[in-house]
Structures are given as C-alpha cells and as structure tokens.
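Student: I would like a close look at one part of this model, taken slowly and with the surrounding context kept in view.

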Amino acid sequence: MARNPAITRYNTRMAAIMVVYIAGIVLASCVIDRDAPLGPLTITLALIPGLAIVAAIGAIGRFLTELADEYLQMLEVRKVIVATGFTLAVTSVWGLLELYSDSLPRLPVFYVFPLWCGGLFVGQIANYFWAGGDDDDAGVCP
Amino acid sequence: MNNRLRVLRAEHGWSQQDLADRLGVSRQSVNAIEKGRYDPSLPLAFSIADVFGLTIEAIFLRDGDPE
C-alpha cells in the first residue's frame with residue numbers, strides 16, 4: 001500500500017522539529033550556567049526548545065486535520081484523548097502527593113509534554129486492544 | 001450496525017485493498033467496517049453504496065436485522 005501522504009508530511013515536519021528541539025536543548029545546556037540569573041540570553045536560549053515543542057503540538061494538530069481517511073483520523077484522535085487523560089491523571093495524582101509529602105521529588109513541568117507523548121503510546125496500545133489484537137488498527141503515527 | 005460488505009466484496013472478487021482504492025480510503029478502514037468495529041460516516045456509506053450500485057439500506061443493517 002502506498003504510504004499515506006499525510007503521515008509522510010507529519011514525519012518530515014516532526015523530524016525537523018526534533019532536530020531544532022535537540023539542538024536547542026544541547027545549546028542551552030552548554031551555554032546557560034544553572035546559577036545564572038534570568039536574562040535575555042537565558043530566555044532566548046530556553047525559548048528555542050520551547051518553541052520547538054509548540055511547533056510539535058501544531059504539527060500533531062495539523063496531522064489530524066490533514067488525515068483524510070476518517071477511520072485513521074478516529075484512531076489518532078482517540079490516541080490523543082487517551083494521552084491527554086493519561087497525562088492529566090499522572091500529573092494530578094503526582095501533584096497531590098507532592099502537596100502532602102515533602103519527601104517526594106518534585107516533578108518539573110518540563111516533563112509534562114514528554115509524558116503526554118508517552119501517553120500516545122498508551123493510546124496506541126488501547127487502540128490495539130480495542131481492535132481485538134488486530135495490528136492494523138493500532139494507529140498510524142508514532 | 002451490521003453490514004454485507006464482506007459478502008458483496010467477495011461477489012465482485014475484490015480484495016479489501018481493491019475496495020479501499022475504489023472508495024479512496026485505507027484498507028484498515030474497509031477491514032474495520034467489515035468487522036463491525038467502525039460505522040462509516042454518511043458520505044462514506046453513500047460512496048460504498050455507489051461502488052456496489054445499491055442503496056445504503058441494502059448494505060447496512062440495523063442490529064438484529066437478518067442479513
């Protein structure tokens with residue numbers, strides 16, 4: 001079967017965004033001293049990976065609208081819903097535990113997006129079981 | 001909702017991919033509709049009916065209706 005053009009475009013966009021994101025993280029980690037005061041340079045360097053995340057969210061939204069096949073679109077939307085529920089559940093429970101226990105390590109907000117991406121994988125598993133173990137129907141985008 | 005898609009496809013000697021190509025959807029879509037895991041939208045149901053030259057009611061059946 002020919003590769004879905006929407007998936008190809010999504011993968012291309014996401015690969016470019018991830019290059020910027022990783023480069024931004026590496027650059028910020030090398031240049032910014034952890035104890036440095038918040039200044040224009042710190043903010044600018046931190047914004048590079050930050051804006052890459054915003055672009056990644058936009059790419060996911062655009063992928064959902066470009067996916068012409070209604071069934072594949074439904075699978076992807078369900079993955080996003082599962083990922084959102086998963087992230088809300090984990091962060092809410094963890095936040096309450098943090099609130100009532102000083103010994104628990106604080107979860108940096110930075111981890112919310114990677115957690116949500118992990119939730120997409122949970123959504124893919126949910127799709128797989130919903131389809132009765134039919135590998136075809138787990139979803140199309142990583 | 002039940003449907004006669006698999007039977008109709010077999011009568012025409014089409015694979016799932018053949019039907020998917022005619023409908024302009026993925027093979028996964030045809031598979032999911034045949035297995036009753038996904039009810040197509042009205043426009044897609046009309047496209048399916050057009051491909052087979054039948055009415056929607058001749059292909060898609062209410063739950064409990066005899067096939």
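Student: How many helices and strands does chain B have, and could you look closely at that chain, setting it beside its partner where that helps?

Tutor: The model is a predicted one, and everything below should be read with that in mind. Chain B contains five helices and two strands, and when its elements are read along the sequence they follow the pattern β-α-α-α-α-α-β. The radius of gyration of chain B is 11 Å, close to the 11 Å that the globule rule gives for 67 residues, so chain B is as compact as a globular protein of that length. Taken along the principal axes, the C-alpha atoms of chain B fill a box of roughly 30 × 20 × 20 Å.

The inside of chain B can be described by burial and by contacts. Of the 67 residues in chain B, 45% are buried, where buried means a relative accessible area under 20%. Among the contacts in chain B with a separation of 6 or more, 56% are accounted for by residues 24 or more positions apart. The accessible surface of chain B comes to about 3,600 Å², and carbon and sulfur atoms hold 49% of that area. Chain B carries 8 positive and 10 negative charges, and the mean positions of these two sets are 6 Å apart.

Two places in chain B show how residues that are distant in sequence are brought into relation. The side chains of Glu34(B) and Arg6(B) meet in a salt bridge, with 3.7 Å from N to O. Glu34(B) lies in helix α3 (residues 27-34) of chain B and Arg6(B) in helix α1 (residues 5-12) of chain B, so this pair ties together parts that are 28 residues apart in sequence. Glu34(B) has a relative accessible area of 10% and is therefore buried, whereas Arg6(B), with a relative accessible area of 43%, is partly exposed. The second place is Glu57(B), which is found in helix α5 (residues 56-59) of chain B. With a relative accessible area of 60%, Glu57(B) is exposed. Glu57(B) and Asn3(B) are 54 residues apart in sequence, and their C-alpha atoms are 9.2 Å apart in space.

Chain A gives a useful background for these values. Chain A has four helices and zero strands, and from the N terminus on its elements run α-α-α-α. The radius of gyration of chain A is 18 Å, whereas a compact globule of 142 residues would have one near 14 Å. Along its principal axes, the C-alpha trace of chain A spans about 55 × 40 × 20 Å. Buried residues make up 31% of the 142 residues in chain A, and among its contacts between residues at least 6 apart in sequence, 68% join residues at least 24 apart. The accessible surface of chain A comes to about 8,600 Å², with 73% of it belonging to carbon and sulfur atoms. In chain A the mean positions of the 8 positive and 12 negative charges are 6 Å apart.

The salt bridge in chain B can also be placed among those found elsewhere. Side chains of opposite charge can pair when their charged atoms come close. A search of the whole structure finds seven salt bridges over all chains. One of them joins the side chains of Glu76(A) and Lys79(A), at 3.2 Å from N to O. Glu76(A) and Lys79(A) are three residues apart in helix α3 (residues 70-100) of chain A, so about one helical turn separates them, and both residues are buried. Asp102(A) forms a salt bridge with Arg106(A), in which the closest N and O atoms are 3.8 Å apart. Asp102(A) counts as exposed because its relative accessibility is 73%, while Arg106(A), at 46% relative accessibility, counts as partly exposed. In addition, Arg9(A), Arg13(A), Arg62(A) and Glu66(A) are linked in a network of salt bridges.

One further residue of chain A deserves a brief look. Thr91(A) lies in helix α3 of chain A and, at 25% relative accessibility, counts as partly exposed. Leaving aside residues up to four places away in sequence, Thr91(A) touches Leu107(A), Val112(A) and Leu115(A). Thr91(A) and Val112(A) are 21 residues apart in sequence, and their C-alpha atoms are 7.6 Å apart in space.

Definitions and conventions:
Residues are numbered from 1 along each chain as its sequence is written. Chains are lettered from A and ligands numbered from 1 in the order in which they are written. This is a predicted model: local features need pLDDT of at least 70, side-chain atom pairs count only at pLDDT 80 or more; totals for chains, interfaces and linings use all residues. Side-chain values use heavy atoms; hydrogens and water are left out. The radius of gyration is taken over C-alpha atoms; the globule rule is 2.2 Å times the number of residues to the power 0.38. Buried means under 20% relative accessible area, exposed over 50%, partly exposed in between (1.4 Å probe, protein chains only). Contact means heavy atoms within 4.5 Å. Accessible areas come from the Shrake-Rupley method with a 1.4 Å probe; for residues, only the protein chains shown count as cover. Lys and Arg count as positive and Asp and Glu as negative; His and the chain ends are not counted. The place of a charge is taken as NZ of Lys, CZ of Arg, CG of Asp or CD of Glu. A salt bridge is a side-chain nitrogen of Lys or Arg within 4 Å of a carboxyl oxygen of Asp or Glu.
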